[in-house]
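Me: I'd like a close look at how the aromatic rings sit in this chain. Start there, then work outwards to whatever else is holding its parts together.

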Amino acid sequence: MPKNKGKGGKNRKRGKNEADDEKRELVFKEDGQEYAQVLRMLGNGRCEAMCIDGSKRLCHIRGKMHKKVWIAAGDIILVGLRDYQDDKADVILKYMPDEARLLKAYGELPENTRLNEGIIDDEEDGGGDDYIEFEDEDIDKI
């Protein structure tokens, strides 16, 4: 039987949550950085995001955030642009929904940016046709 020399298992790691509930200082973009909205998650620590400058980039989630900060489609993130690859970027920070609203209020994000709602295809023309009504006559014929 091997001796357990560590300080605990995966439940100990699961309990570590570095006080995400506390208010943190709002981080604005610097040169070489850009705001983006996640279009879809690709797996393997990568996502596809639409940057505010209008280009779609493949973003890599940095190791410090990997498996600690969960990113979903529709989230507002701060990405670091690469000098040598324009179509790729690195995720630096994920903004909480209230921080994203503040960025929009400060004019950092354009007004047409849709916050706190996932990227949804518009299917409003026939979305409620799932209800099927059967008549009693059909049941009697069987």
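Reply: Let's start with Phe-28, which is partly exposed with a relative accessible area of 36%. Keep in mind throughout that this is a predicted model. Tyr-106 counts as exposed, at 52% relative accessible area. I bring these up together since the structure holds two aromatic pairs, and one of them joins Phe-28 to Tyr-106, with 6.0 Å between the ring centres and 50° between the planes. The pair is called tilted because an angle under 30 degrees would make it stacked and one over 60 edge-to-face. In sequence terms, Phe-28 and Tyr-106 are 78 residues apart: Phe-28 is in the loop between H1 and E1, and Tyr-106 is in the loop between H2 and helix H3 (136-141).

Now the other pair. Tyr-35 and Tyr-95 are also tilted, at 6.0 Å centre to centre and 50° between the planes. Tyr-35 belongs to strand E1 and Tyr-95 to the loop between E5 and H2, so this contact ties together parts 60 residues apart in sequence. Buried or exposed? Tyr-35 is buried, with a relative accessible area of 0%, and Tyr-95 is buried too, at 2%.

Stay on strand E1 for a moment, where you'll also find Gln-37. Gln-37 is buried, with 11% relative accessible area, and its side chain reaches the backbone oxygen of Gly-74 at 3.2 Å. Gln-37 and Glu-48 are eleven residues apart along the chain, with 8.7 Å between their C-alpha atoms.

Glu-48 is a handy way into the charged contacts. Its side chain makes a salt bridge with that of Arg-40, N to O at 2.6 Å. In this bridge the Glu-48 end counts as buried at 17% relative accessibility, while Arg-40 is partly exposed at 46%.

How many salt bridges are there in total? The count is seven. Another of them pairs Arg-24 with Glu-99, with N and O 2.9 Å apart. Arg-24 is in the loop between helix H1 (10-15) and strand E1 (33-43), and Glu-99 is in helix H2 (residues 97-105), so this bridge ties together parts 75 residues apart in sequence. Here Arg-24 is partly exposed at 39% relative accessibility, whereas Glu-99 is buried with 7%.

Then there's Arg-57, whose salt bridge to Asp-86 has its closest N and O atoms 3.3 Å apart. Arg-57 lies in strand E3 (residues 56-61) and Asp-86 in the loop between strand E4 (76-81) and strand E5 (88-94), so the two parts being tied are 29 residues apart in sequence. Arg-57 is buried at 4% relative accessible area, but Asp-86 is exposed at 56%. If you're selecting side chains to look at together, add Asp-53: shared salt-bridge partners join Asp-53, Arg-57 and Asp-86 into one network.

The loop between E4 and E5 also contains Arg-82. This arginine is buried, at 18% relative accessible area, which is under the 20% cut-off. Its side chain has a 2.8 Å polar contact with that of Gln-85. Once you set aside neighbours within four places in sequence, Arg-82 touches His-60, Lys-88, Ala-89 and Asp-90.

What about the cysteines? The structure holds zero disulfides. Cys-51 is in none, with its nearest cysteine sulfur, on Cys-59, 5.7 Å away. For Cys-59, the closest cysteine sulfur is in Cys-47, and that 4.6 Å is too far for a bond, because a disulfide needs the sulfurs within 2.5 Å. Cys-51 is buried at 3% relative accessibility, and so is Cys-59, with a relative accessible area of 1%.

Zooming out, the chain has three helices and five strands, running α-β-β-β-β-β-α-α from the N terminus. Of contacts between residues at least 6 apart in sequence, 53% join residues at least 24 apart. Buried residues make up 26% of the 142 in the chain. The exposed area is about 11500 Å², and 47% of that comes from carbon and sulfur atoms.

Note on methods
Residues are numbered from 1 along each chain as its sequence is written. This is a predicted model: local features need pLDDT of at least 70, side-chain atom pairs count only at pLDDT 80 or more; totals for chains, interfaces and linings use all residues. Side-chain values use heavy atoms; hydrogens and water are left out. A salt bridge is a side-chain nitrogen of Lys or Arg within 4 Å of a carboxyl oxygen of Asp or Glu. Helices (H or I, at least four residues) and strands (E, at least two) are DSSP runs, numbered from the N terminus. Buried means under 20% relative accessible area, exposed over 50%, partly exposed in between (1.4 Å probe, protein chains only). A polar contact is a pair of N or O atoms within 3.5 Å; within protein, one must be able to donate a hydrogen and the other to accept it, and residues adjacent in sequence count only if both atoms are side-chain atoms. Contact means heavy atoms within 4.5 Å. Accessible areas come from the Shrake-Rupley method with a 1.4 Å probe; for residues, only the protein chains shown count as cover. Rings of Phe, Tyr and Trp (its six-membered ring) pair if their centres lie within 6.5 Å; planes under 30 degrees apart count as stacked, over 60 as edge-to-face and the rest as tilted.
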